[in-house]
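Here are my notes for anyone opening this model for the first time. Have the structure on screen while you read.

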Amino acid sequence: MKSAIKIIFIFSLMIMVGCQSEKQILLENKEEPLKQKPEPKKSNLTKELRLTYHAVWVAKENFELLKSGSIFGTGNSYEIRLETDGKIQWIRLSSTDRENQSQFPYFYKDEVQNPDVSYFVWGNKKCSVLVFSLPEGKRYARWEGIHNGFLLVFETTTLSEISAKELAKELHLLVQQSLELY
């Protein structure tokens with residue numbers, strides 16, 4: 001019996017020593033690539049953002065995620081910076097359910113100014129794009145559409161280099177190219 005205990009003890013020591021040497025080899029192998037690889041410039045680049053169960057933002061080009069959060073616990077909100085040379089460089093993507101649409105937290109609200117409104121065909125539905133003039137030569141554009149009971153909102157601000165109608169069309173095309181619906 002004593003010899004069996006000694007054999008088990010010696011065998012377990014050998015296993016522990018073997019495991020420790022493997023861990024040390026693995027740690028040494030992990031440290032080497034970390035030293036050799038420089039850290040990427042932007043660690044929060046991504047390709048997809050889920051707005052609802054049925055709507056996903058799938059950009060054709062990289063974008064940087066600046067901010068993300070929840071709206072009323074039923075929707076999502078993301079702020080992204082696009083890596084394109086187009087007029088639109090920044091977008092806030094948001095969604096919420098039907099119950100919270102009336103109190104939606106828009107990036108910009110103006111109860112006095114009449115926006116320039118454009119309507120577009122979006123699949124078998126319609127969507128609207130509102131464009132407001134902002135101080136300092138900027139414009140604010142808001143794309144809104146409803147899909148499966150969820151309000152989808154895409155907001156951006158740009159310089160007033162292009163007309164309100166052109167900005168509305170450009171925002172609609174960007175949303176149409178990047179939004180996948182299920």
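The points below go from the overall layout to the strands, the cores and the pocket.

1. First, a caution: this is a predicted model. The chain has 182 residues, and 37% of them count as buried. Its secondary structure comes to two helices and nine strands. Going along the sequence, you'll meet them in the order α-β-β-β-β-β-β-β-β-α-β. If you look at contacts with a separation of 6 or more, 48% are between residues 24 or more positions apart.

2. I'd start with strand β4, residues 90-97. All of it is tucked away: eight of its eight residues are buried, so the rest of the structure largely encloses this strand. What about its two faces? W90, R92, S94 and T96 sit on one side, I91, L93, S95 and D97 on the other, and every one of them is buried. That split follows a familiar rule, since side chains in a regular strand alternate between the two faces of the sheet.

3. Now for the partners of β4. Strand β3 (residues 75-82) pairs with β4 in the antiparallel sense, over five bridges. To find the register there, look for I80, which stands opposite I91 of β4. Strand β8 (residues 150-159) also pairs with β4, again antiparallel, this time over six bridges. Here R92 has E155 of β8 as its bridge partner.

4. Strand β7 (residues 138-147) deserves a look too. Eight of its ten residues are buried, so β7 is also largely enclosed by the rest of the structure. Ten bridges link β7 to β8, and the two run antiparallel. One of the pairs to pick out is H147 with F150 of β8. These strands make a hairpin with two residues between them, and N148 in the turn has a positive phi of about 50 degrees.

5. β7 has another antiparallel partner, strand β6 (residues 125-134), joined to β7 by seven bridges. V129 is bridged to W143 of β7. β6 and β7 form a hairpin as well, with three residues between the strands, and E136 takes a positive phi near 65 degrees.

6. Which residues touch the most other members of the largest nonpolar core? They are W57, I91, L93, W143 and F154, out of 29 residues in that core. Helix α2 (residues 164-178) gives the most to this core, with six residues. There is also a second, separate core of ten residues, and its members include F104, L130, F132 and L151.

7. L93 is a good residue to click on, being in β4 and in the largest nonpolar core. Setting aside its neighbours within four places in sequence, L93 is in contact with L49, L51, W57, N76, S77, Y78, I80, V153 and F154.

8. Last, the largest pocket, which holds about 200 Å³ of space. It is lined by 15 residues, and the closest to its centre are E61, L82, T84, L174 and Q177. Two elements give two or more residues to the lining: β2 (55-71) and α2. β2 gives the most, with five residues. As for chemistry, the lining is evenly split, with five nonpolar, five polar and five charged residues.

Technical notes. Residues numbered from 1 in each chain as written. Predicted model: local features only at pLDDT ≥ 70, side-chain atom pairs only at ≥ 80, totals over all residues. Heavy atoms only, no water. Core = buried A, V, L, I, M, F, W, Y, C linked by side-chain atoms within 4.5 Å. Buried < 20%, exposed > 50% of the residue type's maximum accessible area, 1.4 Å probe, protein only. Helix = DSSP H or I, 4+ residues; strand = E, 2+ residues; numbered from the N terminus. Contact = heavy atoms within 4.5 Å. 1 Å grid on protein atoms, 1.4 Å probe; cavity = no way out; pocket = protein on both sides within 12 Å on 5 of 7 lines; lining within 4 Å. Points joined across faces, edges and corners; volume = space filled by probe spheres on them. Nonpolar A, V, L, I, M, F, W, Y, C, P; charged D, E, K, R; others polar. Pairing = 2+ DSSP bridges.
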